[in-house]
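I opened my notebook and pulled up a new structure to look through. Here it is, before I start jotting things down.

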Amino acid sequence: MGRPGAGPEYHYRRMKKLVVFLVSACALVAVPLFVQQFGNGPVRIIDLALLYVMLALGLNIVVGYAGLLDLGYVAFYAVGAYMYALLSSPQLTENFAALAAAFPQGLHQPLWLVIPLGAALAGLFGVLLGAPTLKLRGDYLAIVTLGFGEIIRVFLNNLEYPYNITNGPRGVDRIDSFHVFGVDLGQVVHCFGLTLPSVTLYYYLFLALVVASVVVCYRLENSRIGRAWMAIREDETAAKAMGINTRSMKLLAFAMGATFGGVAGSMFASFQGFVSPESFSLQESIMIVAMVVLGGIGHIPGVIVGALLLAALPEVLRYVASPLQQMTGGRLDAAILRQLLIALAMIGVMLVRPRGLWPAREHGRAKPQEQA
Amino acid sequence: MTDWVLDVSGVSKRFGGLQALDAVGLQIARGQVYGLIGPNGAGKTTFFNVVTGLYTPDSGSFTLAGKPYAPHAVHQVAKAGIARTFQNIRLFPEMTALENVMVGRHVRTRSGLIGAVLRTPGFRREEAGIAARARELLDYVGIARYADYRARTLSYGDQRRLEIARALATDPQLIALDEPAAGMNATEKLVLRELIDRIRRDGRTILLIEHDVKLVMGLCDRVSVLDYGRCIAAGTPAEVQRDPKVIEAYLGAHHGESQHG
């Protein structure tokens, strides 16, 4: 582009950017090919970590940009997961004769329909949560959102009678895997002399979605809407006085954040092939908030680091916890020990880096002291 | 007929047993600096908050630039064309000075979610326009060199000017300044006075609430005096200064007889 000041310096920086971009793209593509040599387990961990990155990015819109503490975020994850589970498993056709007659082949929805549908449905739930909480701030808002998360979970647990919709605590199983361009992501694929197991195929799907999420978040952050959200976070009264309709902007933040959760949820359902209410406990919500806060609230790279770290840490600690357990003669439960180590790590990080591991570049510089 | 920018009449507001405003009205002509003064607790800030939509009035009629408006929601009043500053400065502290002013453009721009995510040509054009106008305004109030500094790191006087720049960014019909000189030293007051004077010369209309009588008398074209929620006098600064009711409100009824008078 013919911008003013497009000198050699500018071209050099563009080249450098391009090289960095290409190298990291290659690395991201190569990661699962390398990791899958150690079996499917480690790739699976990475896949789930990518889902957490999506969730953390979505929550970051609500908590980081608009400054609305949401402790029930996992509800949107659950909405997306159950939406896909019900649309792509025998659950509904087995329990409702009319549906079985309408869809003799059963319900099998394609990816291009699921993603927008999951986003839209979760967005709708975002508005449903947002509307009654518009006047609440801080602690009060946190309590209400926490309750909302629990309500969704309790509903999923009990929508079994009189009509069996969610199959209660037993969950929904036999969920289809995704099909992309005729490729079944649930099957092993051979191409170019490479063997790509299902987990690796899902890795690429999740990676694409994470990249898309990052782009959307970045663009929102640097826009009229993003500035309005940040203005509300900084001073709601002043934001109103500037003509910002804080009601609709907050609702938009809730809805936008929720769409990320909904999409991630439908991915989770197809990846696991099984969903049950216990995957969507309060613990999960708190974990996602911890990812955002630990990484660096409001800062996209920080949030990604936080999500990857907190998603991977429990798995890595599995290897640390069991020797420790043996040292104590088996008196300490490995699972409890793991929780303890995570908690210690989080306290440590917050003490040393209170603004998160990778906080936002201070928005602009501090004004220097004037020289006399 | 005079071109009234703000024409309000019969504004009343009661808080429980306290009649904070009792049928207050004022008319501000285009290009004027209009001062609103009164002793502490006279109802100046209440009036200000009613006009800008923060409090809902019990009664009153409100017209802005010939169009009636209902002061029911703050953001709608801002959209109608009244921009305000706050007595205790309220900026967006962690955002840069430039971003603060860019937020002010929100109400006069319209690109939404889709434009932002897809980076449409219309969005890019509007965004460039917002940034250009914001820089222009920072330059106008004289703090262009601090564009990339966080708002909370600016000096008190510069924060006040940034707040005025942010208000100007909304393209207001009327700029309402709530005690802009509060807490300023003599030099800062002088600079502020020059800025307000300049904004007036550029054809804007200003409503000024101020304690500093010297500033008000030197700057305002017309002044209204509030006391106990009533408008007790209105006119040019010179007229108001001589008004016995005003002297009484400020200095007490028998000030002429007192030794210190």
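These are my notes on chain A and then on chain B.

**Entry 1: what kind of model.** I checked this before anything else: the model is a predicted one.

**Entry 2: chain A, the parts.** I looked up the secondary structure and found 14 helices and four strands in chain A.

**Entry 3: chain A, overall size.** Is the radius of gyration what a compact globule would have? I looked at what to expect for 372 residues, and a compact globule would come out near 21 Å. Chain A has 23 Å, so the two agree. I also looked up the span of the C-alpha trace, and along the principal axes of chain A it is about 80 × 60 × 50 Å.

**Entry 4: chain A, inside.** How much of chain A is buried? I got 43% of its 372 residues. Then I turned to contacts with a separation of 6 or more: in chain A, 73% of these join residues 24 or more positions apart.

**Entry 5: chain B, domains.** I moved on to chain B, which splits into domain 1 (1-81 + 172-261) and domain 2 (95-169). Their C-alpha centres are 28 Å apart. Where they touch, domain 1 of chain B puts in 11 residues and domain 2 of chain B puts in nine.

**Entry 6: chain B, the touching side.** Which elements give two or more residues to the domain 1 side? I noted helix 2 (74-80) and helix 7 (186-201) of chain B. Helix 7 of chain B gives the most, with four residues. Sorting that side of domain 1 by class, I got eight nonpolar, one polar and two charged residues.

Key: Residues are numbered from 1 along each chain as its sequence is written. Chains are lettered from A and ligands numbered from 1 in the order in which they are written. This is a predicted model: local features need pLDDT of at least 70, side-chain atom pairs count only at pLDDT 80 or more; totals for chains, interfaces and linings use all residues. The radius of gyration is taken over C-alpha atoms; the globule rule is 2.2 Å times the number of residues to the power 0.38. A residue is buried if 20 or more other C-beta atoms lie within 10 Å of its own, exposed if 12 or fewer, and partly exposed in between; C-beta atoms are placed from the backbone. Two residues are in contact if their C-beta atoms, placed from the backbone, lie within 7 Å. Domain bounds come from an automatic or database domain assignment. Ala, Val, Leu, Ile, Met, Phe, Trp, Tyr, Cys and Pro count as nonpolar, Asp, Glu, Lys and Arg as charged, and the others, Gly among them, as polar.
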